[in-house]
Amino acid sequence: MTDSAGTPAEPDDTAEHAAGDGSGAGGGGRRGGKGQRRRSMRWVALGVSLLVLLVSGVGWWLYRTLEGNITTDLTAVEELERYDRERPLPAPNGARNILLIGSDSRAGTENRKYGRDRGVQRSDTTILLHIAGDRRSVTAVSVPRDLLVGIPSCRTAEGTRSRAQHAQFNSAFAIGGAACTIRTVERLTGVRIDHHMVVDFHGFKSMVDAVGGVTVCLPAPIDDADAQLRLKAGKHTLNGEQALGYVRARKSLGDGSDTERMDRQQQFLGALFNKVQSNGVLLNPARLYPVLDAATRSLTTDPGLDSLKDLFDLARSLRGVPTERVQFLTVPRRSYPYDPNRDVLVQPAASRLFERLRRDAPVRVVPKETTASTARDTERDSGTGSQNPSATPTFSGTTATAAGCE
């Protein structure tokens, strides 16, 4: 086709456009609609992909952050490997023994308020946590810090070796850290320690705050200047600072003994176990992350528990344990006749307890508030003259269920 001057005209594509822009007749509109939907779907897919990448990136960052919080104690591993041949055999049935060590270190800004840092830290609290092979019970055994024990020769922080000595238990941590404490416990009990965790004052407070506080019932008011704690009698939800004072206070509460202090610690840990195990924490990501963050920041542990996967597997194995099967007790002991400020083991009750732990055999606890006849039965079954060696020995203690505050 040409114009009036005979020059060839440019092709008129108006008709093509009309046919393909969705406004013309015939099938062009349907084809245009399909193309638009395809473009929309591509944008949706791209958006979802970016969102998945973003969430994955944040998740990976959180994972690496939490895992990076944990301090690994390689020094203890090296020391324990040196003495591996003399250590007890592992527990049968897949049972696990974890040593929980609460350090009284004043090092660091958060811990200085509790006293001057003299460069020496002792184990303020030590608990042997026995997780049964069937994962249906947990037994937490407190080792008194003033218990007189045999402490082996240990490697010190300066790289020298200490002399073997008979001293109070918490000296072991001051001499050679976690490794020396573990070797001392293994010699005392014959129970092999599979893992250990060390937490300081600040870490304990952070854990309590992260779960939203822990509820306790006080039979009498507390006014303790040293523990910075003043509370009326009754029901209280303690924050981290209050909880630390509650489990550390001694002179102003009860008879002022370390025995009552350990009883309070056991009651508190039972209440803390209930709180962490509750759905309000474990199934709520907004509450779970602060707990994980506080827990990982506060931990120094061996390589077997220094990852989130290891800790998650441990927590998952404990989640199905009924609260009435989470038991707390103290190593059977009495005051040392020549120094009432020191303790010695009560035999054969202590040996029977250690033997049950080594075999992953059942242990039963009863409250201290038992009748005189029950108390006599308890003493007999604990190894002081039982006529039935196969009977489950009974010890004075408590359970996580009893730790509740109604």
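In this predicted model, helix α3 passes helix α4 in a right-handed crossing. Helix α3 spans residues 74-82 and helix α4 spans residues 171-189, and their axes come within 7 Å of each other, crossing at roughly 40°. The two helices are therefore oblique to each other, since an angle of this kind falls outside the ranges counted as roughly parallel (under 35 degrees) or roughly perpendicular (65 to 115). On the α3 side, the contact is made by A76, E79 and L80, while α4 contributes A178, A179, I182 and R183. Sorted by class, the residues of this contact comprise five nonpolar and two charged, with no polar residue among them.

Helix α4 also takes part in a covalent link. As a reminder, a disulfide is a covalent bond between the sulfur atoms of two cysteines. Here C154 and C180 form such a bond, with their sulfur atoms 2.2 Å apart. That separation lies within the 2.5 Å allowed for a disulfide, and by this rule the count comes to one disulfide. The pair ties together distant parts of the chain: C180 sits in helix α4, whereas C154 lies in the loop between β5 (148-151) and β6 (165-168), 26 residues apart. The torsion about the S-S bond of C154 and C180 is about 75°, so the disulfide is right-handed. How accessible are the two partners? C154 has a relative accessibility of 1% and therefore counts as buried. C180 likewise has a relative accessibility of 1% and counts as buried, the cut-off for that label being under 20%.

Two further helix pairs share helix α6, and it helps to follow them one after the other. Helix α5 (residues 201-210) meets α6 with the two axes coming within 8 Å and crossing at roughly 125°. This makes α5 and α6 oblique to each other, and their crossing is right-handed. From α5, the contact draws on F201, F204, K205, V208 and D209; from α6, the residues involved are G240, E241, A243, L244, V247 and R248. By class, the contact of α5 with α6 has six nonpolar, one polar and four charged residues.

The other partner of α6 is helix α7. Helix α6 covers residues 240-248 and helix α7 covers residues 258-277; they pack at an angle of about 140°, with their axes 8 Å apart. What does that angle say about their arrangement? Because roughly antiparallel is reserved for angles over 145 degrees, α6 and α7 are described as oblique to each other. In this contact, A243, Y246, V247 and R248 of α6 meet R261, R264, Q265 and F268 of α7. The residues divide into four nonpolar, one polar and three charged. Looking across the two lists, A243, V247 and R248 of α6 appear both in the contact with α5 and in the contact with α7.

The surroundings of helix α11 (residues 349-359) offer several details to look for in the structure. Before the helix, a cis peptide bond joins Q347 and P348, with omega at about 5°. P348 is found in the loop between β15 (339-345) and α11. Within the helix itself, the buried residues are A349, A350, R352, L353, F354, R356 and L357. Just after α11 comes D360, which takes a positive phi of about 60°. Such a positive value is found here in a residue other than glycine. D360 is placed in the loop between α11 and β16 (364-366). With a relative accessible area of 14%, D360 is buried.

A second residue of this kind can be found elsewhere in the chain. R135 has a positive phi of about 60° although it is not a glycine. Its place is in the loop between β3 (123-131) and β4 (138-142). Is R135 buried or partly exposed? At 22% relative accessibility, R135 counts as partly exposed.

Finally, the view can be widened to the whole protein chain. The chain contains 12 helices and 17 strands. Of its 406 residues, 44% are buried. Among contacts between residues at least 6 apart in sequence, 67% join residues at least 24 apart.

How values were computed: Residues are numbered from 1 along each chain as its sequence is written. This is a predicted model: local features need pLDDT of at least 70, side-chain atom pairs count only at pLDDT 80 or more; totals for chains, interfaces and linings use all residues. Side-chain values use heavy atoms; hydrogens and water are left out. Axes are lines fitted to C-alpha atoms, for helices over the stretch in contact, and angles run from 0 to 180 degrees between N-to-C directions. Helices (H or I, at least four residues) and strands (E, at least two) are DSSP runs, numbered from the N terminus. A crossing is left-handed if the near helix is turned anticlockwise from the far one by less than a right angle, and right-handed if clockwise. Contact means heavy atoms within 4.5 Å. Ala, Val, Leu, Ile, Met, Phe, Trp, Tyr, Cys and Pro count as nonpolar, Asp, Glu, Lys and Arg as charged, and the others, Gly among them, as polar. Buried means under 20% relative accessible area, exposed over 50%, partly exposed in between (1.4 Å probe, protein chains only).
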